[in-house]
Each structure stands twice: as C-alpha cells, then as structure tokens.
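Here's a quick briefing to read alongside the model. It takes the internal space and then a helix pair.

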Amino acid sequence: GEPFVHPAIWRLLEHAFASGSRVQMVSNGTLIKRDKLEFLSQLDCLTISVDGTEAVHDHIRQRKGTWARTMRTLGWLADSRIQWGTNTVMQRDNHRVLEESFRHIQALGGKRYAYCGFSHVEVVPETAHFQMTADEEKLAFEQLVRIERACAETNTWFNERELLLEHFEMYSRKDFRYRPAD
C-alpha cells in the first residue's frame, strides 16, 4: 500500500535514517509534501508509480486528479536531490500509452529522471481481466523497445531490460508460469 498514509511514516523514516538503514520507497506520489523533500533526500531512491497519461492514469486509479498530483510531485523531485524513477504496471487499460507517458515524464524530469521500470500486471483470479491480449502485448513491446532506446540516449536506467525485451512473452504470461492448472 501507499506508505505515506501510515500515521507514523515520518517517525519511522526518521528512526531508519538515524540507525543508518538504507531505505527505498515506492509511492503513488499523491501524498508527498514539498516541505518534506529535503528530509526524503536521505532515501536511497524513491519510485513513483505512474499508470499512463492523465486520462488513463485517473481511470486506472479510479479518481480524477491523481495524475496531476503525481506529476506535481515528479516536478518537485526533478528539482530535488532525491534519486527517483518510475514504475508502470502494464495492463490492458494502459498498453497504448506507455511511450507517451514515458516521454512526458522524461520531459518533466530531465536528467534527474534516474530510472524507469515496467512490469506486467500480476495475474491472480481477481485481476486476470487486466492482462493484455497478444495484440496488446505486441503494441506494448514495440513501445518498450523505443523507450529503451530513449533511455540509452539520456542515460536513464531501463529496469529489467533483459526480462522485458528478451523474454517479454514468457514474462507477460505470468499466469502460465506461476499458477498451476486446476
């Protein structure tokens, strides 16, 4: 879940930093406060979950305005000392806008956009309807190839390159790898 909803998150982080622990966080970016960025610069890294362009992101999150708040935070991060990047869970609802979303974030983050990640939706019975069809996977893969090239040009780390580009089909079919047939 979202770590910044925890009522003691700041005390927990303070304790972790004081003890010398290395801390990495994943957030949707909507609850991060600008006045806490200096404190958060003690993180090893901060990954922000982005589901796509504005309409797609807000549709997936089922709440209008979440994309705008997430992009606001990415803008703040671009001006901060925090090492940050993004992760996008690829699925049926966002497979068409992966590259457009990446390009927007890249323009916003510039050289401070340290890494981008993409992963396939985890398939369990409750989320099976989010899994992409073969045609949707093909379109997603084509965008990932272009995104990886853009990352190489800007020195942005493309996370899980081998899994995403060399083993895309096997990685995308998690339901066949992880779930035994009944």
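**Inside the model**

The largest cavity has a volume of about 60 Å³. This is a predicted model, and it holds 2 cavities of 30 Å³ or more. As background, rolling a probe the size of a water molecule over the atoms shows where empty space is left.

**What lines the largest cavity**

- Going along the chain, the lining of the largest cavity takes in Asp-51, Gly-52, Thr-86, Thr-88, Val-97 and Leu-98, along with Ser-101, Phe-102, Ile-105, Tyr-113, Cys-116 and Phe-118.
- Three elements chip in at least two lining residues each: β3 (84–90), α5 (98–109) and β4 (113–120).
- Helix α5 gives the largest share of that lining, with 4 residues.
- Sorted by class, the lining comes out as 7 nonpolar, 4 polar and 1 charged residues.

**Where α3 meets α4**

- Helix α3 covers residues 54–61 and helix α4 covers residues 66–78; their axes come within 8 Å and cross at roughly 115°.
- With that crossing angle, α3 is roughly perpendicular to α4.
- On the α3 side, the contact uses Glu-54, His-57, Asp-58 and Arg-61.
- Their partners in α4 are Thr-66, Trp-67 and Thr-70.
- The residues of this α3–α4 contact split into 1 nonpolar, 3 polar and 3 charged.

Notes. Residues numbered from 1 in each chain as written. Predicted model: local features only at pLDDT ≥ 70, side-chain atom pairs only at ≥ 80, totals over all residues. Heavy atoms only, no water. 1 Å grid on protein atoms, 1.4 Å probe; cavity = no way out; pocket = protein on both sides within 12 Å on 5 of 7 lines; lining within 4 Å. Points joined across faces, edges and corners; volume = space filled by probe spheres on them. Nonpolar A, V, L, I, M, F, W, Y, C, P; charged D, E, K, R; others polar. Axes fitted to C-alpha atoms, helices over the stretch in contact; angles between N-to-C directions. Parallel < 35°, antiparallel > 145°, perpendicular 65-115°, else oblique. Contact = heavy atoms within 4.5 Å.
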